[in-house]
Amino acid sequence: MATRIIREFGDEALRKHCKPVKVMTPRLKGIIEDMFETMYEAGGVGLAGPQVGILKRVVVIDVDGEHPYVLINPEILESDGSQTGEEGCLSLPGKHATVTRPNHVKVRAQNVDMNWYELEGTELLARAICHECDHLDGILYTDKRVGPIKDNEEE
Ligand code: ZN
């Protein structure tokens with residue numbers, strides 16, 4: 001495993017529409033392992049393919065350090081409720097803004113064995129699923145924010 005360079009705001013990879021994953025390959029498995037390592041190293045709770053220059057529909061999420069999820073070709077099936085809170089992104093280090101998201105989502109995705117499964121999340125997990133799925137369509141939280149982009153030390 002190795003960490004990868006995280007693409008930052010302004011990098012055109014972050015604005016691309018990512019392609020579905022058709023088959024799992026040893027190379028892609030390695031990339032997914034690297035994505036977890038990169039996310040943990042950076043102290044994030046989610047990372048999407050384009051953030052490391054991989055324009056495929058692949059997301060890794062772990063909001064509590066104990067439940068790592070790989071979401072390949074994710075599709076949000078249901079979303080309801082709403083939560084408004086601070087959100088950041090590893091591609092905009094040191095920044096955050098207020099974003100409104102559903103408070104509950106159900107997503108369908110494939111795991112590393114390409115088997116479909118469903119995942120439901122509330123609060124931070126719901127926020128992370130929405131944020132990371134947006135990355136696969138070139139959408140950043142700054143497009144959805146309801147307030148200014150602030151530096152993390154500002155209050
Ligand atoms: Zn992000």
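**Exercise 1. Take the salt bridge between Arg4 and Asp34 and work out which parts of the chain the two side chains tie together.**

Solution. Start with the contact itself: in this predicted model, the side chains of Arg4 and Asp34 form a salt bridge with an N to O distance of 2.9 Å. Next, place the partners. Arg4 sits in the segment before α1 and Asp34 in helix α1, so the bridge connects parts that are 30 residues apart in sequence. Finally, check the surroundings. Arg4 has a relative accessible area of 32%, so call it partly exposed. Asp34 has 9%, and the cut-off for buried is under 20%, so Asp34 is buried.

**Exercise 2. Do the same for Glu75 and Arg108: how far apart are N and O, and which strands are involved?**

Solution. First the distance: the side chains meet in a salt bridge at 3.3 Å, N to O. Then the strands: Glu75 belongs to β3 (residues 69-80) and Arg108 to β6 (residues 104-110), so this pair ties together parts 33 residues apart in sequence. Last, the accessibility: Glu75 comes out at 38%, which makes it partly exposed, and Arg108 at 28% is partly exposed too.

**Exercise 3. Find the salt-bridge partner of Asp151 and say where each residue sits.**

Solution. Step one: the partner is Lys95, with the closest N and O atoms 2.5 Å apart. Step two: Asp151 is in strand β8 and Lys95 in strand β5, so to speak two distant parts of the chain, 56 residues apart. Step three: Asp151 is partly exposed at 25% relative accessibility, and Lys95 is partly exposed at 33%.

**Exercise 4. Zoom out: how many salt bridges does the whole structure hold, and which residues are linked in a network?**

Solution. Begin with the total: a search of the whole structure turns up 12 salt bridges. Then look for the network: Glu87, Arg101, Arg127, Asp134 and Lys144 are linked by salt bridges. As a reminder of the chemistry, side chains of opposite charge can pair when their charged atoms come close. Now pick out one member, Lys144. Lys144 is in the loop between α2 and β8 (150-151), and with a relative accessible area of 36% it is partly exposed. To compare positions, take the C-alpha atoms of Lys144 and Arg101: they are 9.1 Å apart, although the two residues are separated by 43 residues along the chain.

**Exercise 5. Identify the protein donors of the zinc ion and describe how they are spaced in sequence.**

Solution. List the atoms first: SG of Cys89, NE2 of His131 and NE2 of His135, at 2.0 to 2.2 Å from the zinc ion. Read along the sequence and the donor residues follow the pattern C-x41-H-x3-H. Now map two of them onto the fold: Cys89 is in the loop between β4 (83-87) and β5 (95-101), while His131 is in helix α2 (residues 123-135), so the pair ties together parts 42 residues apart in sequence. Are Cys89 and His131 buried or exposed? Both are buried.

**Exercise 6. Locate the surface patch of positive charge and examine Arg27.**

Solution. The patch gathers Lys19, Lys22, Arg27 and Lys56 on the surface. Of these, take Arg27: it lies in helix α1 (residues 26-42). Its relative accessibility is 58%, and the exposed class starts over 50%, so Arg27 counts as exposed.

Note on methods
Residues are numbered from 1 along each chain as its sequence is written. This is a predicted model: local features need pLDDT of at least 70, side-chain atom pairs count only at pLDDT 80 or more; totals for chains, interfaces and linings use all residues. Side-chain values use heavy atoms; hydrogens and water are left out. Donors are N, O and S atoms within 2.8 Å of the metal (3.2 Å for Na, K and Ca); water is not among the atoms, so sites may look incomplete. Helices (H or I, at least four residues) and strands (E, at least two) are DSSP runs, numbered from the N terminus. Buried means under 20% relative accessible area, exposed over 50%, partly exposed in between (1.4 Å probe, protein chains only). Patches are made of residues with over 30% relative accessible area and no salt bridge: like charges are joined within 9 Å, nonpolar side chains (Val, Leu, Ile, Met, Phe, Trp, Tyr) within 5 Å. Accessible areas come from the Shrake-Rupley method with a 1.4 Å probe; for residues, only the protein chains shown count as cover. A salt bridge is a side-chain nitrogen of Lys or Arg within 4 Å of a carboxyl oxygen of Asp or Glu. Lys and Arg count as positive and Asp and Glu as negative; His and the chain ends are not counted. The place of a charge is taken as NZ of Lys, CZ of Arg, CG of Asp or CD of Glu.
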